[in-house]
Amino acid sequence: MDSPFKYIYGPVYSWRIGRSLGIDPLSAVDKICNMNCVYCQLGLTTHLSHTRKEYVKSEDIIAEIKRVPLDAVDYLTFSGRGEPTLAKNLGQMIHLIKAQRLGRVAVITNSVLMHQKEVRLDLSQADFVLAKLDAFDQESFQSVNGKELNFEKMLGGIREFRQDFKGKFALQIMLIEDNLDDVCELAALARDLNPDEIQLNTPLRPCPVKPIERAEMDWAKKFFGDEKVVTVWDSQRQDYKPLDPEATIRRHGNYLKP
Ligand code: SF4
């Protein structure tokens, strides 16, 4: 049976966000991303792109959102099969959601394009921005997130965004075997960026690398040393029935797992 929705998925319960209705502003068959993370649950990045463009008309996405009861949703979350800031009309979509009072907006970004002023402006309209930071220098960045990337450029973008952003700002750090030894440097960097929250994740859904164990996460958490830290291992799972389970698994992975 065809999905009744082309661009939205869930709602799911996300340990990072709460009750979240997902919006996929790219909505392509294959993942489109500007990273190639070793742990990506969507597999290798075959469509590597650094160019922003309009993938789906903003009005079409808004029309779909309006078909869903939103009372029990905490955030409308831009994420999906790839990097949401690659959608050139991201800012317009957030603006329309806010102007029509449809709900609070979250964006989960891999941070790569935050060095661009227009991307920072788009993100600044959101209520909650969750920015990826898995590495502390160029070498570790390339080994975890992709060969073509420039660490200082990305970090400068996060720093600049953080200084001006008025909403809630979280850093999301994926810990795997490859970067577990970097946790001291990562924690120092994360503290320096002064987020409202630090989310320590490890890939519990099926993907090419193994998650770190609970004891390793507890050890890692100590380096961050304050109450701002939440971890996927500590999160309480809540079952939530998505509108379309198949569309949700395609974007989000198995929503029955944390
Ligand atoms: S940024 Fe996200 S979608 Fe892109 S490769 Fe990394 S994990 Fe996959």
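**A colleague's note on the predicted model**

1. Let's start with the rings. The structure, which is a predicted model, holds 5 aromatic pairs. In one of them, Phe141 and Phe151 have ring centres 5.5 Å apart and planes at 70°, so this pair is edge-to-face. The pair connects distant parts of the chain: Phe141 belongs to helix H4 (residues 138–145) and Phe151 to helix H5 (residues 151–164), with their positions 10 residues apart in the numbering. Both Phe141 and Phe151 are buried.

2. Another pair worth a look is Phe161 with Phe169. Their ring centres lie 6.0 Å apart and the planes meet at 55°; that angle falls short of the over-60 cut-off for edge-to-face, so the pair is tilted. Phe161 counts as buried because its relative accessibility is 3%, under the 20% limit. Phe169 is buried too, with a relative accessible area of 0%. Ring pairs also bring in Phe165, linking Phe161, Phe165 and Phe169 into a cluster.

3. Two rings have a charged side chain over them. The charged end of Arg104 sits over the ring of Tyr75, 4.4 Å from the centre of that ring. Lys168, for its part, lies over the face of Phe128, at 4.6 Å from the ring centre.

4. Now to the interior. In soluble globular proteins, nonpolar side chains tend to be buried together. Here the largest nonpolar core has 71 residues, and those touching the most other members are Ile65, Leu76, Phe78, Ile97, Leu133, Phe169 and Phe224. Helix H7 (residues 183–193) gives the most to this core, with 6 residues. A second, separate core has 7 residues, among them Ile17, Ala106, Phe128 and Ala170.

5. Leu133 makes a good place to click through the contacts. Leaving aside residues up to four places away in sequence, Leu133 touches Phe151, Met154, Leu155, Ile158, Leu171, Gln172, Ile173, Leu186, Leu189 and Leu193. Phe151 in that list is also the ring partner of Phe141 from the opening point.

6. The sheet comes next. It is an open sheet of 8 strands in the order S1-S2-S5-S6-S7-S8-S9-S10, with mixed pairing. Strand S1 (8–14) and strand S10 (229–231) stand at the edges; each has a single partner strand, so one side of each is left without a neighbour in the sheet. On average, neighbouring strands of this sheet are turned by 25° against each other, direction ignored.

7. Which residues point which way from strand S7? Phe128, Leu130 and Lys132 point one way, Val129 and Ala131 point the other way, and all are buried. With 5 of the 5 residues of S7 (residues 128–132) buried, the strand is largely enclosed by the rest of the structure. Strand S6 (residues 105–109) pairs with S7 in the parallel sense over 4 bridges, and Ile108 stands opposite Leu130 in S7.

8. At the S10 edge, strand S9 (residues 197–201) and S10 pair in the parallel sense over 3 bridges. The bridge partner of Gln199 is Val230 in S10.

9. Lys221 may be of interest as a residue that is not buried. Lys221 is found in helix H8 (residues 214–224) and is partly exposed, with a relative accessible area of 29%. Not counting residues up to four places away in sequence, Lys221 touches Leu200, Val229, Thr231 and Asp234. The C-alpha atoms of Lys221 and Gln100 are separated by 40 Å, and the two residues are 121 residues apart along the chain.

10. Finally, some backbone details to check on screen. A cis peptide bond joins Gly10 and Pro11, with omega about -5°, and Pro11 lies in strand S1. Ser27 has a positive phi of about 45° although it is not a glycine. Ser27 is placed in the loop between strand S2 (18–23) and strand S3 (32–33), and is partly exposed at a relative accessible area of 22%.

11. Arg101 also has a positive phi, about 50°, although it is not a glycine. Arg101 has its place in the loop between helix H2 (90–99) and S6. Is Arg101 buried or exposed? At 77% relative accessibility, Arg101 counts as exposed.

Conventions: Residues numbered from 1 in each chain as written. Predicted model: local features only at pLDDT ≥ 70, side-chain atom pairs only at ≥ 80, totals over all residues. Heavy atoms only, no water. Phe/Tyr/Trp six-rings, centres within 6.5 Å; stacked < 30°, edge-to-face > 60°. Helix = DSSP H or I, 4+ residues; strand = E, 2+ residues; numbered from the N terminus. Buried < 20%, exposed > 50% of the residue type's maximum accessible area, 1.4 Å probe, protein only. Lys NZ or Arg CZ within 6 Å of the ring centre and 35° of its normal. Core = buried A, V, L, I, M, F, W, Y, C linked by side-chain atoms within 4.5 Å. Contact = heavy atoms within 4.5 Å. Pairing = 2+ DSSP bridges. Axes fitted to C-alpha atoms, helices over the stretch in contact; angles between N-to-C directions.
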